[in-house]
Amino acid sequence: MTGNPYEKLHRLEKAAKLADVLHAGGILAADLEQCRPSSEVWTAAAQQAGVKPPSVLTCAVVCEMLYKREKIL
């Protein structure tokens, strides 16, 4: 990732959209840790969220978001 703040913002927005879709589908962060970004789970979530399939870094951000949601909810 570059030092471009817009890149970081875009990654967080994309991750939030993916986390929303996955959370609504009942997918837990632990379920995703072993999934590669090219897996069916990530591909389907990206399609539903209206975004391109995520990178490894974006997947890690999504998992972190889901862990935090699981602790709160």
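Mentor: Buried means under 20% relative accessible area, exposed means over 50%, and partly exposed lies in between (1.4 Å probe, protein chains only). The model is predicted, so local features need pLDDT of at least 70 and side-chain atom pairs count only at pLDDT 80 or more, while totals for chains, interfaces and linings use all residues. Residues are numbered from 1 along each chain as its sequence is written, and side-chain values use heavy atoms, with hydrogens and water left out.

Trainee: Is Arg-11 buried or exposed, and at what relative accessible area?

Mentor: Arg-11 is found in helix α1. Helices (H or I, at least four residues) and strands (E, at least two) are DSSP runs, numbered from the N terminus. Arg-11 counts as buried, because its relative accessible area is 13%.

Trainee: Which residue forms a salt bridge with Arg-11?

Mentor: A salt bridge puts a side-chain nitrogen of Lys or Arg within 4 Å of a carboxyl oxygen of Asp or Glu. Here the closest N and O atoms are 3.5 Å apart. The partner sits 4 residues away in helix α1, so about one helical turn separates the two. It is partly exposed, at 26% relative accessible area, and it is Glu-7.

Trainee: Which side chain does the side chain of Arg-11 meet in a polar contact?

Mentor: A polar contact is a pair of N or O atoms within 3.5 Å; within protein, one must be able to donate a hydrogen and the other to accept it, and residues adjacent in sequence count only if both atoms are side-chain atoms. This pair stands at 2.7 Å. The partner lies in helix α4. It is buried, with a relative accessible area of 2%, and it is Thr-58.

Trainee: How many salt bridges are there?

Mentor: Glu-7 with Arg-11 is one of them. Lys-68 with Glu-64 is another, its closest N and O atoms 3.3 Å apart. Asp-20 with Arg-69 also qualifies. The count is 3.

Trainee: How far apart are the closest N and O atoms of Asp-20 and Arg-69?

Mentor: Both residues are partly exposed, Asp-20 at 42% and Arg-69 at 22%. They form a salt bridge, with those atoms at 2.6 Å. Asp-20 lies in helix α1 and Arg-69 in helix α4, so the pair ties together parts that are 49 residues apart in sequence. The distance, again, is 2.6 Å.

Trainee: Lys-14 is buried yet has no salt bridge; what is the nearest side chain of opposite charge?

Mentor: Lys-14 lies in helix α1. Lys and Arg count as positive and Asp and Glu as negative; His and the chain ends are not counted. The nearest opposite charge is 10 Å away, and it belongs to Glu-7.

Trainee: Which residue's backbone oxygen does the side chain of Lys-14 reach?

Mentor: The distance is 3.0 Å. The residue lies in the loop between α3 and α4. It is exposed, because its relative accessible area is 67%. It is Lys-52.

Trainee: How far does α4 reach from its first C-alpha to its last?

Mentor: α4 has 17 residues. The expected span is 1.5 Å times one less than the number of residues, which is 24 Å here. The model comes close to that, at 25 Å.

Trainee: Which helices do the buried residues of α4 pack against?

Mentor: Thr-58, Cys-59, Val-61, Val-62, Cys-63 and Leu-66 are buried in α4. Contact means heavy atoms within 4.5 Å. Thr-58, for one, touches Arg-11, Lys-14, Ala-15 and Leu-18, not counting residues up to four places away in sequence. The helices are α1, α2 and α3.

Trainee: Which residues touch the most other members of the largest nonpolar core?

Mentor: A nonpolar core is a set of buried Ala, Val, Leu, Ile, Met, Phe, Trp, Tyr and Cys residues joined through side-chain atoms within 4.5 Å. Leu-18 touches residues including Ala-45, Ala-49 and Val-62, setting aside those up to four places away in sequence. Of the 17 core residues, those with the most contacts to other members are Leu-18, Leu-22, Leu-32, Trp-42, Val-62 and Leu-66.

Trainee: Which helices each supply at least two residues of this core?

Mentor: The core has 17 residues. Those helices are α1 (5-24), α2 (29-32), α3 (40-49) and α4 (56-72).
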